[in-house]
Structures are given as structure tokens and as C-alpha cells.
Amino acid sequence: MTMNLIDIGANLTHDSFDDDRDEVIRRAREAGVDRMILTGSSVADSEDAAALAESMPGKFYATAGVHPHHASEYSDAVHASLRELAARDSVVAVGECGLDYFRNFSPQDQQRDAFRRQIVLAIETRLPLFLHQRDAHEDFLDILAPAMQDVTRAVAHCFTGGADELAAYLDLGLYIGITGWVCDERRGEALKNVVGNIPLDRLMIETDAPYLLPRTLDPKPDTRRNEPMYLREVLRVIAGEMKISEEALAEATTENAERFFSI
Ligand SMILES: [Zn+2]
């Protein structure tokens, strides 16, 4: 069946795609994943993502931001570079940004500071926010909630939480991005149980490739690398949990992504 899907989180600039990026893009297109939002996680990476997006206008778009892992690199110069990136037509969101207290690759106070500054940038540029949060729910809400009245739109990318976290995010008006985490029978159980609580007009789908290869793929690929064509598997599993057709879910999530990113 022909699909028209948008992968809202593909790290296609990742070096694991350096040898066969064109093939990966071709396979994605054959699977109906025609458009992608390429995730930027540092200034250099966001520049690469924007450049790659500009090679496929109307198909690929990019985010520009600094991941919490890189928050210790945040500076006035970084902020200025992000502002320049945000002005490019190919850049459709600020992020990924947020808090990650699971790994704490950057000190938490620096994570909070980089997060606050990127929220300000999103408000100034009227771009939506592409958000990352892990093990930092309370601080994340404390920082984001007061700003939400001024933020155009925001998505909790790679949402992996349970019912309470989901309810809090929906109350804030966030969109929810679901990855192949939902296909993980070990870690994805809590998420699976609440996916049906996400209103159809707030849900978007993503692979987070090359990470999070769906564990339900059959046959299993002989590599651990995820790629955007497997968005079909994420769609299939979510549709099963929501008890709706894959076509209906595809249509809703594509419409949401078009509206969210203004593409
Ligand atoms: Zn992330």
C-alpha cells in the first residue's frame, strides 16, 4: 500500500550513514517515508542537517539545536549560530533541546541554562520546539510550563514515559513523538499501555535512526542500525495498540507533522 509518511526524527547526518546514505533515502522513499525532519543536536550537526535538507528541498527539513548532552558547549557564539540557522528556510524547529539526567554528559545546571536559552530562541523566531527529556521530568516541566504561552508549538520527541508524564505533557499542549521504543517488549511496556491515550491530533511518529531499531521487525535485519524505512514498523505497532487502521494513523500523523512544522 502506498503511504505518505513523515519521519519527524531522523539523525541522517550520523556517520553510520556515510557509506550508503543515498540507498537509505531510496529505501525510505520506497517504504512511503518521503519526507523527513533531520535532527540537529549541536551547531556542527545542525549545519550538516540543514545542508542535507537543502539538497532535497520540499522533502527534507532540519532542526537546529544543542542536545542536553552537549549543553556544556553552549555559549553566546553557539546561540548566535543557532539564530542564524533558524533563519534558513530549511530549518523548521529549534532543538533537539531539553534535559537528560539519565546520562548527565553535561552538568545539570548547564543543561537547564542551554534549555532556557533555546526556548527563548524558539519564542523569538516563532519556530516550534523539538524537545528531549530523560529522567528529568520535574525540572523539565518547571522550565517549560511558564514559557508555553509564548511558544508556538512543541513536541516531546521520543516520548517513553507512562500515564502521568503523558497527561502532564498533553495538559501543557505538547505534541507527542513516538519511536520504535514502543516496539520493545522489555522497555516499552509502560509506553505501549498509554499510546492509546494520545489524541490522534497530537501524535507524530519518528524512527530516531540510527538508534532504536524496532525489536518487532520480522525478519530481523542483520544490523543494529535503524533507518527511516522502518517507520512503517512503528506505524504498524502503534496502529495495533490504538486499534485503528495503518492508513488512518498515517493520514493523521502526516497531517499533524505538516501543521506542526508548517511544511
Ligand atoms: Zn533525543
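These questions and answers cover some backbone features of a predicted model.

Visitor: Which residue does a cis peptide bond join to Ala-209?
Guide: Take the omega angle there. It is about 10 degrees, and the bond is cis. The partner of Ala-209 in this bond is Pro-210.

Visitor: Where is Pro-210 placed?
Guide: Look at the elements on either side. One is strand S8, residues 203-205. The other is helix H8, residues 231-242. Pro-210 is in the loop between S8 and H8.

Visitor: Which strand holds Glu-96, the residue joined to Gly-95 by a cis peptide bond?
Guide: The bond from Gly-95 to Glu-96 has omega near 10 degrees. Glu-96 falls within residues 91-100. That run is strand S4.

Visitor: Is Asp-208 buried or exposed?
Guide: Asp-208 is found in the loop between S8 and H8. Its relative accessibility is 10%. Buried means under 20%, so Asp-208 counts as buried.

Visitor: What is the phi of Asp-208?
Guide: Asp-208 is not a glycine. Its phi is positive all the same. The value is about 60 degrees.

Visitor: What is the phi of Cys-158?
Guide: Cys-158 lies in the loop between strand S6 (154-156) and helix H6 (163-172). Its phi is positive, in a residue other than glycine. The value is near 50 degrees.

Visitor: Why does Cys-158 count as buried?
Guide: The cut-off for buried is under 20% relative accessible area. Cys-158 is buried because its relative accessible area meets that cut-off, at 14%.

Note on methods. Residues are numbered from 1 along each chain as its sequence is written. This is a predicted model: local features need pLDDT of at least 70, side-chain atom pairs count only at pLDDT 80 or more; totals for chains, interfaces and linings use all residues. Side-chain values use heavy atoms; hydrogens and water are left out. Helices (H or I, at least four residues) and strands (E, at least two) are DSSP runs, numbered from the N terminus. Buried means under 20% relative accessible area, exposed over 50%, partly exposed in between (1.4 Å probe, protein chains only).
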